[in-house]
Amino acid sequence: MADSSNDRTRDVAGSRLLMIGLDWPAVDTAAALGVETVVICSRASARAGLRELGDLPVLLVEDHSRLDDCLAALMLAGSRPEQFDGVYTTDEFALGACNALAALADTSRLTRSGDVSVFRDKRVQKSAVQAVGIPTAAHWPIPDVRTFDAGSVPWPGSYVLKPASRAGTMHTAIVRNEPELRAALIALGESDAGDKDFLLESCVDVAKEWVVDGIVFDGRIEFLSMSHYGAPPLQSLSAGAPMTMVKLDPAQAPDVYRDVSPMAESALSALGAWRGAFHMEIFWSPTDGYVFGECALRRGGAFTFEQLLLKYGFSIVEAAIRCALGRQPQQSTATRSGIVGTTQLLTSEGTILTVPTLDEVHRQSGVEFARYFLAPGSVLRHGAAHGTHIRTAEALITAPDLAQFDERVRLLQSWFADQAEIAPAASDTAGLRAWQRVHFSEAVKSEWTFGLHTRSGDQ
């Protein structure tokens, strides 16, 4: 079906959208726009239980990031890619399948060339931006952690070891000397994690880490918003601490927007971004100035959709759908004064028994919206193997200024951790029984005693 990008005034109502991966904000937005949506998603996603599928047309596959799975699902349903006006995803791992299906449907593509590998493989990406003179960290590709020579990089030095094509800092670690790198490579080689191809990059002297979220259409930035972390993600990850993020108001920091926007535009051009949402990280170093980190061709996590909607009246989900359909994205409507940000809500490691209700979370100062990501019975683990995207819950918070935002975040995090009841991740049964003796009632404790248990009143 032909790309209708030249007719940018026509409404999207009545269009047909093929969605790769189940993205509920996009499902709701498409319905509100009058767009007919068919979803291809994995059985695991469909069973996750976030919401009932209802009458939503869903084609189930083993892995929706595999192009052959998607094509087979369409064929079995008696459908073809060219029967859709656009193909959409916000799944990092499904970008390749999404772009390939868009090419088969002859609809709007994510990249100018049709190749998304530059957005999936960090080794390819860093080489691409470096080739056009954009500053980025020195880096060494690791085709296989089991064969890489830890002595082949300059020492002394500090490095970040990360998977070539993961997301959310999974399996990411800082190594400060050759023995640490060698030990990390051995552990990764022996682990049951599938990733064996990694990237090693020099640590940048980071004073500030900026997150740039936006929309690109026909290679031009149509919308751009910046945020900053409360602490660098790797620092939060290693400490098992919740991450926070705050939207940066253009009126409050015009110089930062002025300085960062050209680098973001140059990087997107070098990477061939064409139509869709993007999520980029740029560092500020007192020694090196602005340094490119990495970029994804999808919307960011951490309530990016909700933050932008509250701060600017801008739906990045609607804009991404319009891009997929080849239509000009809408503009932002207004900028809300004050601070808009998010914080993760974590508990100690272990099995989640009870947590506060959403109503209780919403009653805390400044909380505009909250969502649980782990249900009671889930096991929470901290650390590099699990990534910064692992959290019990997340909250969207507003405040008049940054000081009050920080205080509201501190109080909320402390209150949440105190209210949650967690069975510790004990290494053995004895440790769990010791915890039970402290936390369980006398009636429950008695079940662990040895001998005949007699019902009350029995003779």
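1. Helix α11 is a good place to start: nine of its nine residues are buried, so this helix is largely enclosed by the rest of the structure, where buried means under 20% relative accessible area with a 1.4 Å probe and protein chains only. The model is a predicted one, in which local features need pLDDT of at least 70 and side-chain atom pairs count only at pLDDT 80 or more, while totals for chains, interfaces and linings use all residues. Residues are numbered from 1 along each chain as its sequence is written, and side-chain values use heavy atoms, with hydrogens and water left out.

2. The buried residues of α11 are I316, V317, E318, A319, A320, I321, R322, C323 and A324. Among the elements that cover them are β1 (16-20), α1 (24-33), β4, β9 (208-217), β12 and α10 (304-312); helices (H or I, at least four residues) and strands (E, at least two) are DSSP runs, numbered from the N terminus. After α11 comes G326, which has a positive phi, near 80 degrees.

3. The structure holds two cavities of 30 Å³ or more, and the largest has a volume of about 170 Å³. A cavity here is a set of points, on a 1 Å grid over the protein atoms alone, where a 1.4 Å probe fits but cannot get out, and lining residues have an atom within 4 Å of a point.

4. Which residues lie nearest the centre of the largest cavity? Of the 19 residues that line this cavity, they are Y88, T89, L110, G276 and A320. Two or more lining residues come from each of β4 (86-88), β12 (275-285) and α11 (316-324), and α11 gives the most, with five.

5. A second site worth inspecting is R120, which lies in helix α5 (residues 117-120) and counts as buried because its relative accessibility is 15%. Leaving aside residues up to four places away in sequence, R120 touches E92, F93, L95, A164 and S165, a contact being heavy atoms within 4.5 Å. A polar atom of the R120 side chain lies 2.9 Å from the backbone oxygen of S165. The C-alpha atoms of R120 and A296 are separated by 7.4 Å, although these residues are 176 residues apart along the chain.

6. For the protein as a whole, there are 15 helices and 19 strands, and 48% of the 459 residues count as buried. Among contacts with a separation of 6 or more, 64% are accounted for by residues 24 or more positions apart.

Notes. On a 1 Å grid over the protein atoms alone, a cavity is a set of points where a 1.4 Å probe fits but cannot get out, and a pocket is an open set with protein on both sides within 12 Å along at least five of seven lines; lining residues have an atom within 4 Å of a point. Grid points are joined across faces, edges and corners, and a volume is the space filled by probe spheres set on the points. Buried means under 20% relative accessible area, exposed over 50%, partly exposed in between (1.4 Å probe, protein chains only). A polar contact is a pair of N or O atoms within 3.5 Å; within protein, one must be able to donate a hydrogen and the other to accept it, and residues adjacent in sequence count only if both atoms are side-chain atoms.
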